[in-house]
Amino acid sequence: MMGTLTIAGLGPGDAALVTPEVSAALAGATDVLGYAPYVARVAPREGLTLHPSDNRMELERAGEALRLAAEGGRVVMVSSGDPGVFAMAAAVFEALEGFPQWQDLSIRVLPGVTAMLAAAARAGAPLGHDFCAINLSDNLKPWKVIEQRLRLAAEADFAIAVYNPRSASRPEGFARALDVLKQAGCGERVIIFAHAVTTPKERIETLLLQDARPEMADMATLVIVGNSATRRVGRWVYAPRRAS
Ligand code: SAH
């Protein structure tokens with residue numbers, strides 16, 4: 001008897017932002033897998049086995065989830081935010097390529113509120129015009145690709161949501177990213193640092209990119225760089241809907 005695998009997003013932190021669909025999947029689960037801090041957001045109960053794992057074990061974790069589901073489990077793989085945005089859904093499908101025997105498993109991907117949407121809502125409407133999202137982690141791609149994408153995004157005048165801006169193991173990346181954006185002429189653009197959005201530690205800072213310091217970001221920060229028309233109104237930031 002084959003089970004099911006549900007890949008679910010827990011949203012940015014606040015329990016009120018977990019969708020009813022995701023709550024129902026968790027309520028019926030036999031196994032929950034994911035990066036330990038995300039699994040910690042799931043309440044333990046009888047009949048549910050929690051499988052927390054390390055951050056970099058994505059493919060192993062995905063293979064384990066597929067195996068548990070193939071053995072009949074109702075398995076939920078959790079990510080923060082949305083599972084398809086720099087998270088586990090892609091890792092599961094990558095693992096599935098290696099296991100043709102499991103390709104008929106019942107797999108569902110349940111969306112969640114991704115960090116850039118929660119951050120944008122707090123700031124106003126900085127993603128109200130065209131935008132892109134860039135992951136600054138160079139674990140899975142070379143730095144020169146990141147730099148090129150930042151440059152081209154600036155040239156295309158997208159607002160840019162930056163995920164994973166800075167970690168203890170890569171303290172210099174975000175400083176380099178700010179330099180690339182300054183060289184691309186973005187010094188006068190608005191930049192938003194949205195830290196731990198929808199949690200008790202939430203902090204939102206808005207300033208001009210030329211005044212930003214690398215230490216303003218950490219791994220719990222989502223950074224939004226406005227487009228050239230993004231502006232402030234009172235305490236809000238928005239991108240006008242028209243482009244000239
Ligand atoms: N799947 C997640 C993103 C995982 S990458 C999503 O859709 O949101 C992890 C990065 O997301 C962090 O480094 C940070 O940039 C961002 N992030 C996640 N939760 C956040 C929050 N509550 N506040 C601000 N940024 C957050």
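Mentor: A residue is buried under 20% relative accessible area, exposed over 50% and partly exposed in between, tested with a 1.4 Å probe on protein chains only. The model is predicted: local features need pLDDT of at least 70, side-chain atom pairs count only at pLDDT 80 or more, and totals for chains, interfaces and linings use all residues. Residues are numbered from 1 along each chain as its sequence is written, and side-chain values use heavy atoms, with hydrogens and water left out.

Trainee: Why is Asn164 called partly exposed?

Mentor: Asn164 has 24% relative accessibility. That value falls between the two limits, so Asn164 counts as partly exposed.

Trainee: Where does Asn164 lie?

Mentor: Asn164 is in the loop between S8 and H7. Here helices (H or I, at least four residues) and strands (E, at least two) are DSSP runs, numbered from the N terminus. Phi of Asn164 is near 50°, a positive value in a residue other than glycine.

Trainee: What makes a positive phi worth a remark?

Mentor: Most residues other than glycine have a negative phi. Ala196, in the loop between S9 and S10, also has a positive phi, of about 45°, although it is not a glycine. Gly124, just after H5, takes a positive phi of about 135°.

Trainee: Is Ala196 buried or exposed, and how do you know?

Mentor: Ala196 has a relative accessible area of 15%, which is under the limit, so Ala196 is buried.

Trainee: What makes Ala16 exposed?

Mentor: Ala16 has 64% relative accessibility, which is over the upper limit, so Ala16 is exposed. Ala16 lies in the loop between strand S1 (4-9) and helix H1 (20-27). Ala16 and Lys201 are 185 residues apart in sequence and 16 Å apart in space, C-alpha to C-alpha.

Trainee: Why is Thr230 called buried?

Mentor: Thr230 has a relative accessible area of 9%, under the limit, so Thr230 is buried. Thr230 sits in the loop between strand S11 (221-225) and strand S12 (231-233). Leaving aside residues up to four places away in sequence, Thr230 touches Val190, Val237, Tyr238, Ala239 and Pro240; contact here means heavy atoms within 4.5 Å.

Trainee: How do you know that S9 is mostly covered?

Mentor: In S9, 6 of its 6 residues are buried. In a regular strand the side chains alternate between the two faces of the sheet. In S9, Val190, Ile192 and Ala194 are on one side and Ile191, Phe193 and His195 on the other, and all are buried.

Trainee: What makes S9 and S10 a pair?

Mentor: Two strands pair if DSSP finds at least two bridges between them. S9 and strand S10 (residues 203-208) are joined by 6 bridges and run antiparallel, so S9 and S10 pair. Val190 has Leu208 as its bridge partner in S10. S9 is also joined to S11 by 5 bridges, again antiparallel, and there Phe193 has Val223 as its partner.

Trainee: Why are S6 and S12 called edge strands?

Mentor: An open sheet of 3 strands has the order S6-S13-S12, with mixed pairing. Strand S6 (124-125) and S12 each pair on one side only. S12 and strand S13 (residues 236-238) pair in the antiparallel sense over 3 bridges, with Val233 opposite Trp236 in S13.

Trainee: What is the space in the largest cavity?

Mentor: The largest cavity holds about 40 Å³ of space. A cavity is a set of points on a 1 Å grid over the protein atoms alone where a 1.4 Å probe fits but cannot get out, while a pocket is an open set with protein on both sides within 12 Å along at least five of seven lines; lining residues have an atom within 4 Å of a point. Grid points are joined across faces, edges and corners, and volume is the space filled by probe spheres set on the points. The search of the whole structure finds 1 cavity of 30 Å³ or more.

Trainee: Which residues line the largest cavity?

Mentor: Leu136, Leu150, Val162, Phe174, Ala177, Leu178, Leu181 and Val225 line the largest cavity. Helix H7 (residues 173-183) provides the largest share, 4 residues.

Trainee: What is the volume of the largest pocket?

Mentor: The largest pocket has a volume of about 1,600 Å³. Its lining has 45 residues, and Tyr38, Asn55, Phe86, Asn164 and Met219 lie nearest its centre. H4 gives the most to this lining, with 4 residues.
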